[in-house]
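Hi,

Here is the structure I said I would pass on to you. Have a look at it first, and then read my notes below.

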Amino acid sequence: MTQDGNQAPLNHSQAWQGLDQLAKDAAAISLSSRFASDPERAQRFSGEVGNLFVDYSKHHLDSHILDTLCALAEAGGLASKLAALRQGAPVNNTEDRKACYPTLRRWGKEHASGDPAIDTMYQTMQRLVTEVHSGTRRGATGKAFTDVVNIGIGGSDFGPRLLCDALSNHGSSKLKPHFAANIDPSVITDILGVIPAETTLFLVASKSFGTQETRANAEAAMHWLRETLGQEDISAHFMAVTSKPEAAARFGITPDQILAVPEWVGGRFSVWSGFGLAVALSYGMPAFEAFLEGGYAVDQYVAETPMAENIPLLLGLLDVWYRNFWGYTSHAILPYEHRLGLLPTYLQQLFMESAGKSVDQDGNRLGFGTGNVIWGTEGTNGQHSFHQLLHQGGDAIPCDFIAALTSYNPIGDQHQALLANCFGQSLVLMSGQSSAEIEADLLAQGSPADEAASLARHKAMLGNRPSTTILMDKLSPAALGSLIALYEYRLIAASFTWNINPFDQWGVERGKQISQLLMAGLANGEADNVDSSTAQLLARYAKAQK
Ligand code: F6P
C-alpha cells in the first residue's frame, strides 16, 4: 500500500522483479527438456477441479516460478480481494456493486442461496418454467408453447446460447431455442421466417432494458406477431428477464411475466442467473440446476485449496506470466467438442470485456499490459486453418485444448480420432520437430542432399509452445458449469492481481451512447462535431436512401 492508501504499483514489487529474471532463465529451458528431466511432471502439474481434469504441465513453469507468481498475487492482494468478493463487498468499485457469483451457484446444490433476492429469482424462474412446460401458460390462441426466442445481446445472449448448444445432447428440448442478438434486421427476419407464431414464446433478455438492439428486435417480433395472429393482445407470448422490471413493464411486458435479476449481476456473468431462463425452458430446470451445481463445485474448490495448488487461480497467474513477462498478447481457445463451438465467443466477452483495462482500481494508469486477444474455433476445423500460425508463426500463442472423453454421438472411431487430433496438436506444439530430424528423414526417403537441407528449413517447427488441456468425462450440465466457473476464476485471478476492476465496461457503454447519437445523424445525413471521415460516411448513407 502507498501512503495515501492506494495499492503500490504491481510492477514495482519484488515478485515482479523476480519474475522478470525467471522469465529470462526459463526461456533457455525447453518444455520438452522439462519433461525429460522430471518423470513426475505431468502428475505434479495437473489435477481435478469440480467435474474437470486440468493438465497445465505443458507450460513454462516450475515450482519456483509458481511460488513467485503466487507472491505476485499476494502483492496484488488476490486472496483478500477474493475474500471480499465472497463476502459480498462492492468489489465492482466504479459501479459500487458486489460480484458475489458463488451465491448464484449455491442455489443449484442447496436450493437456498443465502440471499432472499436470489432465492426469489430462482423460485420465479422455476414457476414460469413449470407453467410453460405443463401448459398452464399458453399462447394467445390457447396453444402450448413449442419454441422460445431469446432476444438479447452480449451477456444476455452468449451464455444461454452457449448452454443451449452445449446441452442439446442432454435429452430432447422441451421448447426449441432460437436466439436473436444483432440489430441487423436479417437476424430477426430469419428467425421470424421459421418459427410458429401461435406457439412461440419470446424472452426479452436485457439487464438494462435500454439496449438498442434488444428493444428493436423485440419491437419487430411484437409487430410481426400482431400481424401474423391478427390480434392486438399478444402479451401472453412475451416474457422479460431484466434488472429493470419497471422499464420492461413500460415496454409492454405483463408484470407477472417479468423475471427480476438483481442489479449487481453483471452481463457477462449472468448465465448463472435468471438470464438462463431460455436454457431452463429448453432443457428443463434440473439441467440448469446441475449446471449451477457444477459451478458451485469450483467455488468450493477455489475456497478450500491453497493458492499454490489452486488450479483456476494458477491458470490466471499463468496469463499474467505470459502477458507481462513473455510478451504474449493472444490466447487461443480450442474446444475439441462440437457442442462447445461457441465457447471461444463466450470467453471473448468474458475476458476481453473484463480485462481490457488500462487503469487500476484507483484510476491510476497501469505501467504494464492487461488482457489478451481471445479467439479460436472448434477442432479439428482450426487445424485446417490457423493452426499453421500456431505451429510455425513468429509469435507463440498459448492454447487451451478442451475435450470430452466420451461422445454423446459415437460413430465408429470418429471420436477417438477427434481426441487423437486434440492430444496430437498439444504434443507437437510443445515438441516441434528439428530441421536435422526432418533432413535425416528426407535423406532416408531418397531426397538429394541439397533439396533435403533446403526443405527441412521450411518444415522445421520450433515447438516449445505452451498449452493447457482440460478434460471432462462427458459434456454434462455439471461439467459445463465447472468449465465456465473455472474460466471465471482464471479471469478474476489475473484481474485482481493486476488490480483492475474486471466487472465494469465503460468503453462499451460509450459505444452504445455514440451509436444513439449517430442515429439522428444518419437520418439527417449530417451531424455536428464529427470528423470529416464520419461526416462523409453519414452523407453516403443519406444519399443511398434517396
Ligand atoms: O456489451 C455491453 C453490455 O453492457 C454487456 O455487458 C451486456 O451483456 C450487454 O451490453 C447487453 O446489455 P443488456 O443486458 O443491458 O441489454
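**What I found**

T380 is in the loop that runs between β9 (373–375) and α16 (387–392). Keep in mind that this is a predicted model. The bond leading into that residue deserves a look: the peptide bond from G379 to T380 is cis, and its omega is near 5°. For background, most peptide bonds are trans, and most residues other than glycine have a negative phi.

That brings me to N464, which isn't a glycine but has a positive phi of about 65°. You'll find N464 in the loop between α19 (449–459) and β11 (467–472).

Next, the overall layout. The domain assignment splits the chain into domain 1 (10–75 + 305–431 + 465–498), domain 2 (101–293) and domain 3 (506–545). If you take the centres over C-alpha atoms, domain 1 and domain 3 are 40 Å apart.

Now for the ligand. Where does the ligand sit? It's in the largest pocket. Two elements each give two or more residues to the shell around the ligand, namely α15 (343–355) and α21 (506–524). The largest share comes from α21, with 3 residues.

Why does the ligand lie between domain 2 and domain 3? Because domain 2 (101–293) and domain 3 (506–545) both give residues to the shell around it.

There are 15 residues around the ligand, and the ones that come nearest are G155, S156, S206, S208 and T211. By type, the shell residues divide into 2 nonpolar, 9 polar and 4 charged.

Here are some polar contacts with oxygen atoms of the ligand that you can look up in the viewer:

- S156: a polar atom of its side chain lies 2.6 Å from a ligand oxygen.
- K207: here a backbone N or O atom is the partner, 2.8 Å from an oxygen of the ligand.
- K512: an N or O atom in the side chain is 3.1 Å from a ligand oxygen.

How much of the ligand does the protein bury? On its own the ligand exposes 390 Å², and the protein buries 90% of that.

Have fun exploring it, and write back with any questions.

Cheers

Notes:
Residues are numbered from 1 along each chain as its sequence is written. This is a predicted model: local features need pLDDT of at least 70, side-chain atom pairs count only at pLDDT 80 or more; totals for chains, interfaces and linings use all residues. Side-chain values use heavy atoms; hydrogens and water are left out. A residue is near a molecule or strand if one of its heavy atoms lies within 4 Å of it. A polar contact is a pair of N or O atoms within 3.5 Å; within protein, one must be able to donate a hydrogen and the other to accept it, and residues adjacent in sequence count only if both atoms are side-chain atoms. Accessible areas come from the Shrake-Rupley method with a 1.4 Å probe; for residues, only the protein chains shown count as cover. On a 1 Å grid over the protein atoms alone, a cavity is a set of points where a 1.4 Å probe fits but cannot get out, and a pocket is an open set with protein on both sides within 12 Å along at least five of seven lines; lining residues have an atom within 4 Å of a point. A molecule sits in a cavity or pocket if more than half of its atoms lie within 2 Å of its grid points. Helices (H or I, at least four residues) and strands (E, at least two) are DSSP runs, numbered from the N terminus. Ala, Val, Leu, Ile, Met, Phe, Trp, Tyr, Cys and Pro count as nonpolar, Asp, Glu, Lys and Arg as charged, and the others, Gly among them, as polar. Domain bounds come from an automatic or database domain assignment.
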